[in-house]
Structure formats: C-alpha cells, structure tokens
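This briefing reviews selected features of one structure, grouped by topic. Please read it alongside the sequence and the coordinates displayed here.

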Amino acid sequence: MFMGEFNHSIDPKNRVIVPAKFREGLGESFVASAGLDGCLYMWKYADWEGFVTRLEELPFTKETRELQRFFSQNSAELEFDKQGRVLIPANLKALAGIEKDVTFIGAIGKVELWARERLAGAAPSAPVEDIAEKLATEYGLRFK
C-alpha cells in the first residue's frame, strides 16, 4: 500500500529520485503510465498486469479500444539507477505537464506523480465528505 506525499525535482537529464518508501513497494522495475486527472501512475508490475487484464476483459467497443490504446501507448517499464532515480520518458513528462518540481502521492494501490503546479490546481469534484457519503451509499464503503 502506498501512502504519503513527497516533493522532489526533476534533474536536467529528466531523472527524479523516487521516495525510498515507494521504491520498496514498486520493486526493481515497474510501469509508469498516463494517469487520470493529469498525473502519471506508477504501478508495481503485477498490479499493472492486473489492470491490463481488466482492460482486456471489457466489451470490444470503440471506447474500450480508445482506453486500451491510451494506456498502452502512454506507458513504459522503468528501472531505478543506483541512486534511486528513474528517467521519466519525454512523452510521459509532456503528458503530465512535468517540467521541474513534482509531487509523489501514495494512492493506495499505485503512486501518482504530479507536476506540482498542476496538483495545486486540482481540486476534488465535490467536498470529500459528499464523495465519501455517495460511495458509502452506492458501494457499501464503510469509514469505521
């Protein structure tokens, strides 16, 4: 499980140090992909494979194909160097609007990588209490 928030900077060679707690959970190699809401996702390899399997099980519609294409074309397998850094591919960096300052967020089953400026402008679609209540009603999610 990934949790917490960490701020770092991209170096001139497009590398960033991944927080040690996240490195441990991601493993030696992992997948970085386009995310939703303007960030990148970092997945343990097994979790990425599970996500892809679920995408493949969706009905073969135009929307499914577009979603599969979006994630597969905007993903890359990454490995850490000896200093715990990863090279962020240029296409993913551009997609997430990453220039220099980034924020890593533990998002339970994956890590989100945000351009710090973009994260500052991202707000929940509704008050978090309203979202929690809706999920509790629709899916039986409990908060105790």
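Strands are DSSP runs of E with at least two residues, numbered from the N terminus. Ser33 is found in one such run, strand S3. The model discussed here is a predicted one. The points below cover the surroundings of Ser33, helix H2, helix H6 with its surface patch, and the salt bridges.

**Ser33 in strand S3**

- Ser33 has a relative accessibility of 0% and therefore counts as buried, the cut-off for that class being under 20%.
- Leaving aside residues up to four places away in sequence, Ser33 touches Leu40, Tyr41, Trp43, Trp48, Phe71, Asn74, Ser75 and Leu92.
- One of these contacts, Trp48, is itself among the buried residues of helix H2.

**Helix H2 (residues 45–57)**

- The 13 residues of H2 should span 18 Å at 1.5 Å a residue, and the 19 Å between its end C-alpha atoms agrees with this.
- Trp48, Phe51 and Leu55 are the buried residues of H2. Because they cover an arc of only 60° around the axis, they lie on the same side of the helix.
- An α-helix has 3.6 residues a turn, so residues three or four places apart point the same way.
- On the face turned away from the buried side, H2 carries the exposed residues Ala46, Glu56 and Glu57.
- The packing partners of the buried residues of H2 are strand S3 (29–34), strand S4 (40–44), helix H3 (62–73) and strand S5 (75–79).

**Helix H6 (residues 128–139) and the nonpolar patch**

- For the 12 residues of H6, a rise of 1.5 Å a residue should give a span of 16 Å, and the end C-alpha atoms are indeed 16 Å apart.
- The number of buried residues in H6 is 1 of 12, so the helix lies largely in the open.
- Leu135 lies in H6, and its relative accessibility of 31% places it in the partly exposed class.
- Together with Ile131, Tyr139 and Leu141, Leu135 forms a nonpolar surface patch with about 370 Å² of accessible area in total. Membership of a patch requires over 30% relative accessible area, and Leu135 has 31%.
- Gly140, just after H6, takes a positive phi of about 70°.

**Salt bridges**

- The whole structure contains 5 salt bridges, including those described in the following points.
- Arg15 and Asp11 form a salt bridge in which the closest N and O atoms are 2.8 Å apart. Arg15 is partly exposed at 22% relative accessibility, whereas Asp11 is buried at 19%. The two residues thus fall on either side of the 20% cut-off for burial.
- Glu66 pairs with Lys62 in a salt bridge, with 2.6 Å between the closest N and O atoms. Both residues belong to helix H3, where they are 4 residues apart, about one turn of the helix. Glu66 has a relative accessible area of 39% and is partly exposed.
- In H6, the side chains of Glu138 and Lys134 meet in a salt bridge at 3.9 Å, N to O, within the 4 Å limit for such a pair. Because they are 4 residues apart in this helix, about one helical turn separates them. Glu138 counts as partly exposed, with 47% relative accessibility.

Methods: Residues are numbered from 1 along each chain as its sequence is written. This is a predicted model: local features need pLDDT of at least 70, side-chain atom pairs count only at pLDDT 80 or more; totals for chains, interfaces and linings use all residues. Side-chain values use heavy atoms; hydrogens and water are left out. Patches are made of residues with over 30% relative accessible area and no salt bridge: like charges are joined within 9 Å, nonpolar side chains (Val, Leu, Ile, Met, Phe, Trp, Tyr) within 5 Å. Accessible areas come from the Shrake-Rupley method with a 1.4 Å probe; for residues, only the protein chains shown count as cover. Buried means under 20% relative accessible area, exposed over 50%, partly exposed in between (1.4 Å probe, protein chains only). The expected span of a helix is 1.5 Å times one less than its number of residues. The arc is that of the directions from the helix axis to the C-beta atoms. Contact means heavy atoms within 4.5 Å.
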